[in-house]
Amino acid sequence: MKLNADFDKRVVIHSEDLEWLSSPMPGVSRRPLDRIGDEVARATSIVRYKAGSKFSPHVHTGGEEFFVLEGVFQDEHGDFPAGSYIRNPPQSSHTPGSEQGCVIFVKLWQFQPSDRTHVRLNSNYMRAVSSRDRENVSITPLYADQFEEVSIETWEPNSRIYFEAKHGAELLVIDGGFTEGDEILSKHSWLRLPKGSQLDAQTADNTTIVWIKRGHLTRVAEEAARLPI
């Protein structure tokens, strides 16, 4: 299966308008954003756990990265409320679920094979710092290595937000919204910018909070090549 698999194209998806599709586990459904592969896939999705639902124990052969959007995600490593950012590297395992229900933004099979770094952060307790080169922007760093950079950015109301996406970028609106080109992005809208492009956005009257990942789109082909056939 391929969905939005041409990474040289700009993509906008307003995920709140999509239907929830059932997963193999009862009570767990998803809204796919991009995908290369079938049930084992290089994939970006929004996933919903109904109250009391859970997955069976499993290994993330290609790694799993997610941000909790609503509710509380749980596994044997702890309880992770909205605002939590988790990286489960390749070969890690867990038994995920949610007693009260939750919604998470998930990326699968998008790690370096040798990565073994676990990350478990609650961004609600992290202090944002003002950007040194962009006005009206505050940044909460979540993760960075030689391949990618992940952060939460807070954009002030009625501001023009611009940056170069030399190696591509993805943005998910956590709260608020902005206009980019002829698109109006609101809560849980997803934007993927191809390599060599730019973001030129205008916020509205409310503060906008976005999850941003940069640099990773240079590795799409090799990530897809590692998928088991």
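Me: What makes Tyr49, Phe55, Phe66, Phe73 and Phe80 a cluster?

Reply: Good place to start. In this predicted model, ring pairs link Tyr49, Phe55, Phe66, Phe73 and Phe80 together. Rings count as a pair if their centres lie within 6.5 Å, and by that rule the count comes to 6 aromatic pairs.

Me: Why is the pair of Tyr49 and Phe73 called edge-to-face?

Reply: Two values settle that. The ring centres of Tyr49 and Phe73 are 5.8 Å apart, and a pair needs centres within 6.5 Å. Their planes stand at 85°, and planes over 60 degrees apart count as edge-to-face. So the pair of Tyr49 and Phe73 is edge-to-face.

Me: How do you know that this pair ties together separate parts of the sequence?

Reply: Look at where the two residues sit. Tyr49 belongs to strand β5, while Phe73 belongs to strand β8 (residues 64-75). These parts are 24 residues apart in sequence, so the pair ties them together.

Me: Why is the pair of Phe66 and Phe73 described as tilted?

Reply: The centres of these two rings lie 4.6 Å apart, with the planes at 55°. Planes under 30 degrees apart would be stacked and those over 60 edge-to-face, the rest being tilted. An angle of 55° therefore makes the pair of Phe66 and Phe73 tilted.

Me: Are Tyr49 and Phe73 buried or exposed, and how do you know?

Reply: Buried means under 20% relative accessible area. Tyr49 has 5%, so Tyr49 counts as buried. Phe73 has 1%, so Phe73 is buried too. Phe66 is likewise buried.

Me: What makes strand β5 largely enclosed by the rest of the structure?

Reply: Strand β5 covers residues 41-49, and 8 of its 9 residues are buried, so the rest of the structure largely encloses this strand. Strand β5 also has partners: 9 antiparallel bridges pair β5 with strand β4 (residues 28-37), and 7 antiparallel bridges join β5 to strand β13 (residues 102-108). On the β4 side, Arg35 stands opposite Ala43 of β5. On the β13 side, Tyr49 has Cys102 as its bridge partner. β4 and β5 form a hairpin, with 3 residues between them.

Me: Why is the contact of Asp34 and Arg192 called a salt bridge?

Reply: The N to O distance between their side chains is 3.1 Å. A salt bridge needs the side-chain nitrogen within 4 Å of a carboxyl oxygen, so Asp34 and Arg192 qualify. Asp34 lies in strand β4 and Arg192 in strand β22 (residues 189-193), so the pair ties together parts that are 158 residues apart in sequence. By the same cut-off the count comes to 18 salt bridges.

Me: Are Asp34 and Arg192 buried or exposed, and how do you know?

Reply: The limit for buried is under 20%. Asp34 has a relative accessible area of 0%, so Asp34 is buried. Arg192 also has 0%, so Arg192 is buried as well. The charged end of Arg192 sits over the ring of Phe7, 4.0 Å from its centre.

Me: What makes Glu153 and Arg214 a link between distant parts of the chain?

Reply: Their side chains meet in a salt bridge at 3.1 Å, N to O. Glu153 is in strand β17 and Arg214 in strand β24 (residues 208-214), 61 residues apart. Both are buried. Arg214 also has its charged end over the ring of Phe163, 4.2 Å from the ring centre.

Me: Why are Arg226 and Glu222 called partly exposed?

Reply: Partly exposed lies between the buried limit, under 20%, and the exposed limit, over 50%. Arg226 has 28%, so Arg226 is partly exposed, and Glu222 has 38%, so Glu222 is partly exposed. These two residues form a salt bridge, with the closest N and O atoms 3.7 Å apart.

Me: What makes β18 and β21 edge strands?

Reply: Each pairs on one side only. Their open sheet has 4 strands in the order β18-β23-β20-β21, with antiparallel pairing. The twist averages 25° from one strand to the next. Strand β20 (residues 178-180) pairs with β21 over 3 bridges, and Phe178 has Leu185 in β21 as its bridge partner.

Methods: Residues numbered from 1 in each chain as written. Predicted model: local features only at pLDDT ≥ 70, side-chain atom pairs only at ≥ 80, totals over all residues. Heavy atoms only, no water. Pairing = 2+ DSSP bridges. Helix = DSSP H or I, 4+ residues; strand = E, 2+ residues; numbered from the N terminus. Axes fitted to C-alpha atoms, helices over the stretch in contact; angles between N-to-C directions. Buried < 20%, exposed > 50% of the residue type's maximum accessible area, 1.4 Å probe, protein only. Lys NZ or Arg CZ within 6 Å of the ring centre and 35° of its normal.
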